[in-house]
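Work through these exercises with the structure open beside you. Try each task before you read its solution.

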Amino acid sequence: MVKGSQKIVAVDQDIPIIDMSLERSQVSMQIVKACETLGFFKVINHGVDQTTISRMEQESINFFAKPAHEKKSVRPVNQPFRYGFRDIGLNGDSGEVEYLLFHTNDPAFRSQLSFSSTVNCYIEAVKQLAREILDLTAEGLHVPPHSFSRLISSVDSDSVLRVNHYPPSDQFFGGANLSDKSVSLTRVGFGEHTDPQILTVLRSNGVGGLQVSNSDGMWVSVSPDPSAFCVNVGDLLQVMTNGRFISVRHRALTYGEESRLSTAYFAGPPLQAKIGPLSAMVTMMNQPRLYQTFTWGDYKKLAYSLRLEDSRLDMFRTCKD
Ligand SMILES: C=C1C[C@]23C[C@@]1(O)CC[C@H]2[C@@]12CC[C@H](O)[C@@](C)(C(=O)O1)[C@H]2[C@@H]3C(=O)O
Ligand SMILES: O=C(O)CCC(=O)C(=O)O
Ligand SMILES: [Fe+2]
């Protein structure tokens, strides 16, 4: 069931769509504005090769269509990275979703997949896009170039790929009568949360379900656009910008009739990387330092010990009010 009394505003109202083929300074300004107001935007004309995208989508569909025993045979190398069904994380969260989750620098796990070369190509392409967006972000903020992208570029960067499949409701609910309008088929596919890493680059098929929380605390439904990528600010980018950017709360609902497929690349730094507000983002008068400095390894340990909907960043505030 979907809990919470938050109102849903019109689909896509206020969701910025940024055309990356426009003039660079314009794009960087738009990115900064979107990260400050919502922490979420879509990019179009992003330059990612369509064949790479289509192959990734088709091979993911083929994977999830396999019998359960075959999918479950994709073994965890390192919990919670694996094929998962309903259980999200290790702390009791669940949703109407099955997924593949793996570290992008873990070739041993990927080699278990029949489509590992497609996955490798896709990861390279979205990593490049994430780097480009982070460089534009640095330009727009007038902080040193590559301030953010260098963190996700190193070989030991701790990035993650997640492929989510939200099956039609009858597959989960043992044949609910889809023609009976009194039965609400809306379910939580992936409960509300923020993404802990720096930046997330997500693409879905043409089926909706993603919602983001705006500054008034209302859920905004994101209309699906398979030709676009959705980008959201993660917790670490909120910290590095000293709270100027918003790590957006979001969730995915399932509406019953069609399968939704989403693929999210979570761009993270190396585990030992020190994360704190950039000096240019802190001034004694107007922008006092809001967060302590911590390593991604420490933050990740904390994040992964909590529930999906928990606010993790509060624990790293310099002064708690
Ligand atoms: C309940 C959890 C699942 C999650 C780890 C956590 O303890 C809290 C954050 C969750 C999240 C959200 C974004 C990504 O989907 C994810 C892979 C991540 O890095 O943090 C998941 C984690 C997960 O599914 O294990
Ligand atoms: O499927 C979606 O659209 C959202 C998934 C998500 O938020 C996640 O995997 O962290
Ligand atoms: Fe997410």
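The exercises below deal with a predicted model.

**Exercise 1. The sheet**

Give the strand order of the open sheet of eight strands, and find which strands stand at the edges.

Solution.
- Step 1. Write down the order: β2-β3-β11-β8-β13-β6-β5-β4. The sheet is open, and its pairing is mixed.
- Step 2. Look at the edges. β2 (17-19) and β4 (83-88) each have a single partner strand, so one side of each is left without a neighbour in the sheet.
- Step 3. Add the twist. From one strand to the next, it averages 30°.

**Exercise 2. A covered strand**

Take strand β11 (residues 229-233). Which strands does β11 join by bridges, and which of its residues are buried?

Solution.
- Step 1. Start with β3 (residues 40-44). Four bridges join β3 to β11, and the two run antiparallel. F41 has V231 as its bridge partner in β11.
- Step 2. Turn to β8. Four bridges join β8 to β11, again with the strands antiparallel. Here V201 has V231 as its bridge partner.
- Step 3. Recall a rule. In a regular strand, side chains alternate between the two faces of the sheet.
- Step 4. Sort the residues by side. F229, V231 and V233 are on one side, and C230 and N232 are on the other. All of these are buried, and both faces of β11 are covered.
- Step 5. Check the count: five of the five residues of β11 are buried.

**Exercise 3. Helices on the sheet**

Which strands does helix α2 (residues 50-64) lie across, and which does α5 touch?

Solution.
- Step 1. Begin with a strand pair. β6 and β13 pair in the antiparallel sense over seven bridges. R162 has A264 as its bridge partner in β13.
- Step 2. Place α2. This helix lies across β5 (93-103), β6, β8 and β13. Its angle to β13 is about 115°.
- Step 3. Place α5. This helix packs on the sheet and touches β6, β8, β11 and β13. The direction of α5 makes about 130° with that of β8.

**Exercise 4. Two helices crossing**

Describe how helix α1 (residues 24-37) and helix α5 (residues 116-141) meet.

Solution.
- Step 1. Compare the axes. They come within 8 Å and cross at roughly 90°.
- Step 2. Name the arrangement. α1 and α5 are therefore roughly perpendicular to each other.
- Step 3. List the contact. α1 gives V27, S28, M29, I31, V32 and C35. α5 gives I133, L136, T137, E139, G140 and L141.
- Step 4. Sort these residues by type: eight are nonpolar, three polar and one charged.

**Exercise 5. One serine**

Is S213 buried or exposed, and why?

Solution.
- Step 1. Locate S213. Its place is in strand β9 (residues 210-213).
- Step 2. Count its neighbours. S213 has 20 C-beta neighbours inside 10 Å, so it counts as buried.
- Step 3. Find its contacts. Leaving aside neighbours within four places in sequence, S213 is in contact with W219, V248, R249 and H250.
- Step 4. Compare sequence with space. S213 and G39 are 174 residues apart in sequence. Their C-alpha atoms are 9.5 Å apart.

**Exercise 6. Around ligand 2**

Which residues are around ligand 2, and which strands each supply at least two of them?

Solution.
- Step 1. List the shell: R162, N164, F190, D195, L202, S204, L210, H250, A252, S262 and A264.
- Step 2. Trace them to strands. β6 (160-166), β8 (199-204), β12 (250-254) and β13 (260-267) each supply at least two residues.
- Step 3. Sort by type. The shell divides into five nonpolar, four polar and two charged residues.

Conventions: Residues numbered from 1 in each chain as written. Chains lettered and ligands numbered in written order. Predicted model: local features only at pLDDT ≥ 70, side-chain atom pairs only at ≥ 80, totals over all residues. Near = placed C-beta within 6 Å. Nonpolar A, V, L, I, M, F, W, Y, C, P; charged D, E, K, R; others polar. Buried ≥ 20, exposed ≤ 12 C-beta atoms within 10 Å, placed from the backbone. Pairing = 2+ DSSP bridges. Axes fitted to C-alpha atoms, helices over the stretch in contact; angles between N-to-C directions. Parallel < 35°, antiparallel > 145°, perpendicular 65-115°, else oblique. Contact = placed C-beta atoms within 7 Å.
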